[in-house]
Amino acid sequence: RKIIFEKQWFYLDNAIGHIYGTTFEVTSGGNLQPKQEVEETTTETKEAGTDNRNIVDDGKSQKLTHDDIKALKDKGIKGQEIVQQLIENSTTFRDKTEFAQDKYIKKKKKKYEAVITIVKPSTRILSTMYYAREPGKINHLRYDTLAQMLTLGNVRAGSKMIVMETCAGLVLGAVMERMGGYGSIIQMYPGGGPVRAATSCFGFPKPFLDNLHEFPLSKVDSLLSGTFSTETLPSEPEDNMLVEEEEINELTEEKQTSLHETEEELTTEAAMEIKQAEEQETMDINADDAEFKENKEKENKENVREKQRKQWERRKKLIETAALLREKNADGLIVASKFHPTPLLLSLLEFVAPSRPFVVYCQYKEPLLECYTKLRERGGVINLKLSETWLRNYQVLPDRSHPKLTMSGGGGYLLSGITVVLDKGKADPSSLEALKMEEPSSKRCKVQDLNC
Amino acid sequence: MSFIEYGDTIKDGDTAIVFLGHESMFPVKVQHGTVTQTKYGVIRHSTDLIGKKYGSKVTCSKGGWVFILHPTPELWTMNLPHRTQILYSTDISVITMMLELKPGSIVCESGTGSGSLSHALIRTVAPTGHLYTVEFHQQRAEKAREEFREHRVEHLVTVTNQDVCKNGFGVSNIADAVFLDIPSPWEAIGHAKSALKAEGGRICSFSPCIEQVQRTCLAMEEYGFTEINTLEILLRVYNVRTISLQIPDLGKAAEANSSTGFDSSDPSNQGSPSANLQQGTVQFKSGVPLREMVGHTGYLTFATKS
């Protein structure tokens, strides 16, 4: 399969069988494996100036013209040699300081020596990548903020977590990585189905999916009030498939643009998914005009049966998930979505056991201020904390260490806290946090009874 | 209870966190017949704690009350007895993610110090991973061992009492990640490399001073580590407040202006809005930064062995 990354295209076939972290050089179409350590480029020109008082920017210091350089490239000359040529033909190079020479070489190398490294997917890699490439898809959740969420939420093996996210499945994937297949996760989803484009990039083994459940957000109210029934599914499977398919397509697009982190297993996996999606699509079409096309009738019947089976399975899973939620003993709640956090929190916290952490992410501070106030009014939570992290990267080189020139302007805000047993009946007059029962619905009383 | 598994009810021998309110809390070791004094009165473990649910409100003898919380590494970090300077959860979060730790990971750490990071590492690598931690101070090593036993995680951790710069981690080719929080990390980079798996792994070094970072980076480069990256993370905490700002009286010209501009936006204005402009205020919610915040803990330098 052909893949495009950073204006280069290549095939991954040659990369199979190498260990993660191997660096490759791109030739015309395939991959070539150069040595891990390219010997220090021999720039014996140890001559260097001390300052730039005599360097004038006349635009004529580079003696090679654009056409010359293009000619070199067309001849398929190694990038390393082009860089060497550029240096030799630069009149000012010798007058530059040693540091400036270093910088010059680095810049040219970046342009002419195309190397790619194939690494294993992880939360570190994927969250850094998403933040750099597709911040809009993950609500501008910066990777250090995600790290805080995992810690504040005490995410670990054996827990029963509730996750509500619209971050392409990145947060879900991060939680799954930390749980290592132990315990269970219930993903609450809006619309027709959960989005897991980023999750599939992790390449989790199949057993990890066994304890991954999903539940439609639009059914939460009925579940809380006890009127939940499985007869009315939130959406027809068709919608669901379409959503998934769309996501998969997006994913493959992503693959093509962000190969930096892709690995061969993943690609084949994605390819398989696409095939599946295509199959489903044709199936849908078939189901729609099932009346005509005699020769396809038999096939259609099978498809309909298959569809019914899938629907039935979905319903069965939904019942299981509803039962898990009804126990109201989840070990934590993680929210990172494009929705207003307050209603999500007020409802979803009902499913969490006492003395468990919860974390809400929001790109903006103001909704969390409101959420903070509403949670105080509701009670049943302590140690509420609104926070933000700042991340600063450094350049560390001998005699040239300083913070990097640019840093990220914002990575979102977190509201975290710990659940406690809700006060029964009237609020304690001596209470530290005035527990104003704003909306004493019968719903909540029921919840308390179950909880205690 | 355990630091690596949630339990519902408080049992004899548990470590629990007593939450007094406003970030004030402390750990207790739950024991039959023991009492704990708080500013709200006495807590009798046998009757007030044992058998109760975690997260319950416990009424003390003077009528005041506290919440009893299930221990987590984060709560422990806020409450542990300091034997050294410790790492806090903000740095720990980034370390854990950047070292790519997960259940099953094998981690080497030095020094153990007060065990703040150790508990977080154990939580993350459990139930199949392991932590090898090296502490050259004998008393601290002993104390850490005791704590791990008390917290029922001793099967996931090995404490070694030796000098990591001279003798290394006592293991080789088994670690997925190495963490160094020692005064001269550059002297331990070689040992770190040999502790890491042959197929590679991640390393992190925590240093407060840039000179230490400088030397560490050089040593990492020398030993062939790649992807060397130094960063710093700062936590900003906000207090949620309702602020009211008075509207200045600018005389008659401003009168018309402010009565149209602000009254509609804030119906909860005290006094009748149109009559008393002198008293006019605008209220809003704000996240106010704390007056003082942690400005620097340390630089975190990460690298990959491949």
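This is a short tour of a predicted model, moving from one whole chain to the place where two chains meet and then to an annotated site.

**Stop 1: chain A on its own**

Start by selecting chain A and showing it as a cartoon. You should find 15 helices and 13 strands there. Now colour the chain by burial: of its 452 residues, 48% are buried. Contacts in chain A also reach far along the sequence. Among those with a separation of 6 or more, 75% join residues that are 24 or more positions apart.

**Stop 2: where chain A meets chain B**

Next, show both chains together and select the residues that touch across the boundary. On one side are 58 residues of chain A, and they are in contact with 67 residues of chain B. About 5400 Å² of area is buried between the two chains, and carbon and sulfur atoms give 59% of that area.

How many salt bridges does the rule find across this interface? There are 3 between chain A and chain B. To see a salt bridge up close, select D8(B) and R356(A) and display their side chains, which meet at 3.8 Å, N to O. You can also look for polar contacts, since 19 residue pairs make them between chain A and chain B, both residues being at pLDDT 80 or more.

Which elements of chain A should you highlight on the side that touches chain B? Those giving two or more residues are helix 4 (123-133), helix 5 (143-152), helix 6 (170-179), helix 14 (366-378), strand 11 (381-395) and strand 13 (413-419). Give strand 11 of chain A its own colour, as this strand contributes the most, with 12 residues. Colouring this side of chain A by residue type gives you 25 nonpolar, 19 polar and 14 charged residues.

**Stop 3: an annotated site in chain B**

Now move to chain B and select S114(B), G115(B), S116(B), L117(B), E135(B) and D181(B). An unreviewed UniProt entry annotates these residues as "binding site". They span 68 residues in sequence, but no two of their C-alpha atoms are more than 13.4 Å apart, so they gather at one spot.

Zoom in on G115(B), in the loop between strand 7 (106-110) and helix 4 (116-125) of chain B. Is this residue buried or exposed? G115(B) counts as buried because its relative accessibility is 1%.

Finish at L117(B), which sits in helix 4 of chain B. L117(B) is buried too, at a relative accessible area of 4%. Show its neighbours as sticks: leaving out residues up to four places away in sequence, L117(B) touches L87(B), I92(B), E109(B) and F179(B).

Definitions and conventions:
Residues numbered from 1 in each chain as written. Chains lettered and ligands numbered in written order. Predicted model: local features only at pLDDT ≥ 70, side-chain atom pairs only at ≥ 80, totals over all residues. Heavy atoms only, no water. UniProt positions renumbered as here; feature names shortened; annotations may be inferred. Helix = DSSP H or I, 4+ residues; strand = E, 2+ residues; numbered from the N terminus. Buried < 20%, exposed > 50% of the residue type's maximum accessible area, 1.4 Å probe, protein only. Contact = heavy atoms within 4.5 Å. Buried area = accessible area lost by both parts, 1.4 Å probe. Salt bridge = Lys/Arg side-chain N within 4 Å of Asp/Glu carboxyl O. Polar contact = N/O pair within 3.5 Å; in protein donor to acceptor, adjacent residues only side chain to side chain. Nonpolar A, V, L, I, M, F, W, Y, C, P; charged D, E, K, R; others polar.
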